[in-house]
Amino acid sequence: QVQLVESGGGLVQTGGSLRLSCAASGRTLNRSTMGWFRQAPGKEREFVAAIIWSGGNTFYVDSVKGRFTISRDNAKNTVYLQMNSLKPEDTAVYYCAADVSVVRRSGAYWGQGTQVTVSS
C-alpha cells in the first residue's frame, strides 16, 4: 500500500510561484515514475508532469512547459513541483500520483490533493 500526501498549495497572485511537495510512504518508490495531475472545477483531471525513477527524464503538458519543473528526492521519497509564472488557468486541485504511465497519462496511486488558486 502506498500513501501520498501533498502539501504546498495555496493562494497566489498571477505571476507568482508555489512549490508543491508529495511525501510518499508505505513503499519505496525510487523505481516508480511519479507525476502530478490537476483538476479544475467542471473539468476532467489533467496530466501536468511526470518524472522517471532516475530523475533523468521529465515530461510536461504543453501548457506548463517552461514554467513548471518536476523533481524528486529518492532518499526522502518525495516529489516536488516548482510552479513559476502562475496564471489564473493554473487554478485547480493538484494531485500527486505514483506508478504513473506517461503513455496512458494515468497513475496507480493518488494523494488527496492540494488546492492551488491563482488570482488575477
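At 16% relative accessibility, Asn-77 counts as buried, a term that means under 20% relative accessible area, with exposed over 50% and partly exposed in between (1.4 Å probe, protein chains only). The model is predicted: local features need pLDDT of at least 70, side-chain atom pairs count only at pLDDT 80 or more, and totals for chains, interfaces and linings use all residues. Residues are numbered from 1 along each chain as its sequence is written, and side-chain values use heavy atoms, with hydrogens and water left out.

Asn-77 is found in the loop between S7 and S8; such strands are DSSP runs (E, at least two residues), numbered from the N terminus. The table sets this residue beside Asp-99.

| Residue | Phi | Loop | Relative accessibility |
|---|---|---|---|
| Asn-77 | about 55 degrees | between S7 and S8 | 16% |
| Asp-99 | near 55 degrees | between S9 and S10 (109-110) | 28% |

Neither the phi of Asn-77 nor that of Asp-99 belongs to a glycine. Asp-99 counts as partly exposed.

An open sheet of four strands has the order S1-S3-S8-S7 with antiparallel pairing, where two strands pair if DSSP finds at least two bridges between them. Strand S1 (3-7) and S7 stand at the edges with a single partner strand each, so one side of each is left without a neighbour in the sheet. Six bridges join S7 to S8, and Arg-72 stands opposite Val-79 in S8.

Arg-72 and Val-79 also help to line the largest cavity, together with Ala-24, Leu-29, Met-34, Asp-73, Asn-74, Asn-77 and Thr-78. On a 1 Å grid over the protein atoms alone, a cavity is a set of points where a 1.4 Å probe fits but cannot get out, and lining residues have an atom within 4 Å of a point. About 40 Å³ of space lies in this cavity, the volume being the space filled by probe spheres set on the points.

The largest nonpolar core has 29 residues, of which Leu-4, Trp-36, Leu-81, Met-83 and Tyr-94 touch the most other members. Such a core is a set of buried Ala, Val, Leu, Ile, Met, Phe, Trp, Tyr and Cys residues joined through side-chain atoms within 4.5 Å. Strands that each supply at least two residues of this core include S3 (18-25), S7 (68-73) and S8 (78-83). A second, separate core of five residues includes Phe-47, Ala-50, Ala-97 and Val-100.

Notes: 1 Å grid on protein atoms, 1.4 Å probe; cavity = no way out; pocket = protein on both sides within 12 Å on 5 of 7 lines; lining within 4 Å.
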